[in-house]
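Here's a quick walk through one protein model, with a look at its pockets, its core and a few loop residues. Have the sequence and the 3D view open as you read.

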Amino acid sequence: MNLKSPAETIFYTIESTIKEYRKSSQKNLSVEVDDMTIDQGMILAFLDKYPEKTQKEIAAMAFKDNASMTRMLDLMEKKKYLKRSINEENRRRYKIEITSKGKQVLKTLAPIITSNRDNALHGISEEEVLQLERILLKIKSNCTS
């Protein structure tokens, strides 16, 4: 059997690239906001852009299972980045709102996120980024069909 080592595959390269990006992004974020993870920042950003989405929908967007999402929201509520209340339209769901502290952190995060993305894509043309995105979407499609 002539099977490549996992480290010799494109999937390993994709995974290791994401891990390095996340590590670098967390380091840069922690300089300004020392009690937040990049995942928590992503949750805040999704809640800011999609305030009508449910916890379950935000969890799916952030690639989190329901238990992980609940733990993250509990911690973020404890840190006063957001608050949860009973949704009057559907009492089985929470209404999740970003607090003023959370909104201030989002303002702090915006330039950090922009800088992280710019640094990661330094030296890569817009055409190369579009090509990469097309290729990754093809791989994703192959895996979901």
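Is Thr99 buried or exposed, going by its relative accessibility? Thr99 counts as buried, because its relative accessibility is 18% and buried means under 20% relative accessible area, exposed over 50% and partly exposed in between (1.4 Å probe, protein chains only). Thr99 sits in the loop between β2 and α5. Leaving out residues up to four places away in sequence, Thr99 touches Lys80, Tyr81, Leu82 and Lys83, where contact means heavy atoms within 4.5 Å.

Some ground rules before going on. This is a predicted model, in which local features need pLDDT of at least 70 and side-chain atom pairs count only at pLDDT 80 or more, while totals for chains, interfaces and linings use all residues. Residues are numbered from 1 along each chain as its sequence is written, and side-chain values use heavy atoms, with hydrogens and water left out.

**The overall layout**

The protein chain has 6 helices and 2 strands, and along the sequence they run α-α-α-α-β-β-α-α. Helices (H or I, at least four residues) and strands (E, at least two) are DSSP runs, numbered from the N terminus. The C-alpha trace spans about 55 × 35 × 30 Å along its principal axes. Of the 145 residues of the protein chain, 23% count as buried. Take the contacts between residues at least 6 apart in sequence: 43% of them join residues at least 24 apart.

**The core**

The largest nonpolar core has 21 residues, and Met36, Ile43 and Leu44 have the most contacts inside it. Such a core is a set of buried Ala, Val, Leu, Ile, Met, Phe, Trp, Tyr and Cys residues joined through side-chain atoms within 4.5 Å. The elements giving two or more residues to this core are α2, α3, α4, β2 and α5. Ile43 is worth clicking on: setting aside neighbours within four places in sequence, Ile43 is in contact with Ile58, Ala62, Met69, Met72, Leu73 and Met76.

**The pockets**

Rolling a probe the size of a water molecule over the atoms shows where empty space is left. Here a pocket is an open set of points, on a 1 Å grid over the protein atoms alone, where a 1.4 Å probe fits, with protein on both sides within 12 Å along at least five of seven lines; lining residues have an atom within 4 Å of a point. Grid points are joined across faces, edges and corners, and a volume is the space filled by probe spheres set on the points.

The largest pocket has a volume of about 2,000 Å³. It is lined by 40 residues, with Ile18, Tyr21, Arg22, Phe63 and Arg117 nearest its centre. Two or more lining residues each come from α1 (10-32), α2 (38-49), α5 (100-120) and α6 (126-144), and α1 gives the most, with 12 residues. By class, this lining has 24 nonpolar, 9 polar and 7 charged residues. Ala, Val, Leu, Ile, Met, Phe, Trp, Tyr, Cys and Pro count as nonpolar, Asp, Glu, Lys and Arg as charged, and the others, Gly among them, as polar.

The second largest pocket holds about 300 Å³ of space. Of its 15 lining residues, Thr54, Gln55, Lys56, Arg93 and Tyr94 are the closest to its centre. At least two residues each come from α3 (55-61), α4 (66-78) and β2 (94-98), and β2 supplies the largest share, 3 residues. This lining has 4 nonpolar, 5 polar and 6 charged residues.

**Loop residues**

Here are some loop residues side by side.

| Residue | Loop | Relative accessible area |
|---|---|---|
| Phe63 | between α3 and α4 | 74%, exposed |
| Asp65 | between α3 and α4 | 45%, partly exposed |
| Lys80 | between α4 and β1 (82-86) | 56%, exposed |
| Ser125 | between α5 and α6 | 34%, partly exposed |

Most residues other than glycine have a negative phi. Phe63, though not a glycine, has a positive phi of about 60 degrees. Lys80 has a positive phi too, near 70 degrees.

What does the side chain of Asp65 reach? It reaches the backbone nitrogen of Ser68 at 2.7 Å. Asp65 and Val105 are 40 residues apart in sequence, and their C-alpha atoms are 24 Å apart in space. As for Ser125, its C-alpha is separated by 19 Å from that of Ile18, 107 residues away along the chain.

Note on methods:
Polar contact = N/O pair within 3.5 Å; in protein donor to acceptor, adjacent residues only side chain to side chain.
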